[in-house]
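Let's take a walk through this structure together, starting with the whole chain and then stopping at a few spots along the way. Keep the viewer open as you read.

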Amino acid sequence: MKIITCGTCIDGTGAPAIKNAVILVEGSKILDVGEEREVDVPRGRGVEKIDCSTMTVLPGLIDSHIHLALGAGSFYEEMFAHSDAHLLLTGVVNARSVLDAGITTVKDLGTRNRVTFDLREASATGIIQTPRLILSGRAITMTGGHFYFCNAVADGYEEVRKTARRLITEGADFIKVMASGGGTRITDRRRASYSVEELRGATDVAHNAGKTAAVHCHATQAILNAVDAGFDVIEHCSFLEPEGKYPGHTFREDVAKEIAKAGVLVDHIIHTKLDPIELEYKFENFMGLRRAGVQMLAGSDDLFLDLMGQLPLVLELMVRGGMTPMEALLSATSKPAEAMGLDGLIGTVEKGKEADLIAVKGNPLEDIRFLASTALVMKGGKVIPPSPRKIAKDKVTEHAKKVRDLIEEHSLGRVLD
Ligand SMILES: [Zn+2]
């Protein structure tokens, strides 16, 4: 048994933080948690003490949008010029970096062929250490659509259905569809790629199999189509239109209200790209969607080799965009767990849940930036020793500084003290 003494514990349910808490861990599970005087703390042999009395302990973070294994390079065509073996190797390295950053579960939104399934198999056999991997495998896309080189091209309702079924057979936990263009060069982010009927091919199959469906939407038309087709999560939600000058952005309050009314979750609204025009409209979208009452998840869309583990920065940006630190935390703990149907297992520090825990060096409810100061990572009751490879941590720290400078320069969001 392990006994973790916590200076502060934030359990991820939304309840106030507990001072001087104790967490008991037996095997992979949380046996008990509460104030020190309320928990029956066993003594004697076989009890391992973990001292986090100067730290804040909280649930391991959940990144709702990541691509662990896209290969090395600075744009998609370059990254996918590599072999599947190369993609898998980058996945191995990236998965470890993400875990080091305190992210114990990720939703991977797809790469080529079977690469992420192979990554999960290796993790399950203990060859490598990774966060829990919730996988789409590949993203379904139209002929010539965003990520067409990942080999899940489908046109028409029947082909989309068949491809979704194929992915589920291979081990997909959820279905991901590209409903507009994206960063793939021959595609147009401002235009929808699928009809509502085609999109229904994916949601019908996913829901019939008891799974969820996520959809990539930069174009406003794609967002409208996705809401109609019954998707569970909209990714990016950029509100781009083909008319008008670059970038073609117009935030649509009426569309935001439709999303809220349909109860569709929205994810990866604010990103960490060093592009002032994009950052500006992403902040506008974030604030507008919040005003409309849309429920949000936190995803990083980390995809470059070693620039992995940016979720704490994303949460910081969400707070700059108007969320309370508690709201931001919940969007990366209990809310995504619930959205994935894994709330019986992960997402909170509660009796009976898996012991996926992190300790950080200060209270993130007082300053969200403390989330980037991970000092302990536990996954399934096992402490993960920090990997000696520090490249990702350094890269993320350096990148975060540049993002903050850009935000300050362009007066985006609110200022943190
Ligand atoms: Zn993505």
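How many positive and negative side chains does the protein chain have, and how far apart do the centres of the two sets lie? The count comes to 49 positive and 57 negative side chains, with the two centres 3 Å apart. Keep in mind that this is a predicted model.

Staying with the whole chain for a moment, you'll find 12 helices and 16 strands in its secondary structure. The radius of gyration is 21 Å, close to the 22 Å that the globule rule gives for 417 residues, so the chain is as compact as a globular protein of that length. Along the principal axes, the C-alpha atoms fill a box of roughly 65 × 45 × 40 Å. Of the 417 residues, 58% count as buried. The accessible surface is about 16700 Å², and 51% of that belongs to carbon and sulfur atoms. As for who touches whom, take the contacts with a separation of 6 or more: residues 24 or more positions apart account for 71% of them.

Now zoom in on helix H4, residues 156-170. Its 15 residues reach 21 Å from first C-alpha to last, close to the 21 Å expected at 1.5 Å a residue. Which of its residues are buried? They are Val160, Arg161, Thr163, Ala164, Leu167, Ile168 and Glu170. It helps to recall that an α-helix has 3.6 residues a turn, so residues three or four places apart point the same way. The cover over the buried residues of H4 includes helix H3 (115-124), strand E8 (139-140), strand E9 (174-178) and helix H5 (196-208). After H4 comes Gly171, with a positive phi near 125 degrees.

Helix H5 is worth a look next, and it can be read in much the manner of the last stop. H5 has 13 residues and spans 18 Å between its first and last C-alpha, close to the 18 Å expected at 1.5 Å a residue. Its buried residues are Val196, Glu198, Leu199, Gly201, Ala202, Thr203, Val205 and Ala206. H4 turns up again here, since what covers the buried residues of H5 includes H4 and E9, along with strand E10 (212-219) and helix H6 (220-229). Just after H5, Gly210 takes a positive phi of about 75 degrees.

Back up a little to the loop between E8 and H4, where you'll find Phe149. With a relative accessible area of 14%, Phe149 falls under the 20% cut-off and so counts as buried. Setting aside residues up to four places away in sequence, Phe149 touches Tyr76, Glu77, Phe80, Arg112 and Thr184. Pro325, by contrast, is 176 residues from Phe149 in sequence and 39 Å from it in space, C-alpha to C-alpha. Asn151 sits in that loop between E8 and H4 too, but at 46% relative accessible area it is partly exposed.

Asn151 also brings us to backbone oddities. Most residues other than glycine have a negative phi, and most peptide bonds are trans. Asn151 has a positive phi near 70 degrees, and Asp301 has a positive phi near 55 degrees. You'll see Asp301 in the loop between strand E13 (296-297) and helix H9 (311-320), where it is buried at 16% relative accessible area. For the peptide bonds, check Tyr246 and Pro247: a cis bond joins them, with omega about 5 degrees. Pro247 lies in the loop between strand E11 (233-240) and helix H7 (253-262).

Two buried residues round out the tour. Leu329 is in helix H10, residues 325-330, and counts as buried at 3% relative accessibility. Beyond its neighbours within four places in sequence, Leu329 is in contact with Ile10, Leu58, Leu61, Leu365 and Leu371. Ala298 is 31 residues from Leu329 in sequence and 8.8 Å from it in space, C-alpha to C-alpha.

The other stop is Ala359, in strand E14, residues 357-360. Buried or exposed? At 0% relative accessibility, Ala359 counts as buried. Leaving out residues up to four places away in sequence, Ala359 touches Cys52, Met55, Thr56 and Val57, as well as Ser373, Thr374, Ala375 and Leu376. Pro386 is 27 residues from Ala359 in sequence, and the two C-alpha atoms are 13 Å apart.

Note on methods:
Residues are numbered from 1 along each chain as its sequence is written. This is a predicted model: local features need pLDDT of at least 70, side-chain atom pairs count only at pLDDT 80 or more; totals for chains, interfaces and linings use all residues. Side-chain values use heavy atoms; hydrogens and water are left out. Helices (H or I, at least four residues) and strands (E, at least two) are DSSP runs, numbered from the N terminus. The expected span of a helix is 1.5 Å times one less than its number of residues. Buried means under 20% relative accessible area, exposed over 50%, partly exposed in between (1.4 Å probe, protein chains only). Contact means heavy atoms within 4.5 Å. The radius of gyration is taken over C-alpha atoms; the globule rule is 2.2 Å times the number of residues to the power 0.38. Accessible areas come from the Shrake-Rupley method with a 1.4 Å probe; for residues, only the protein chains shown count as cover. Lys and Arg count as positive and Asp and Glu as negative; His and the chain ends are not counted. The place of a charge is taken as NZ of Lys, CZ of Arg, CG of Asp or CD of Glu.
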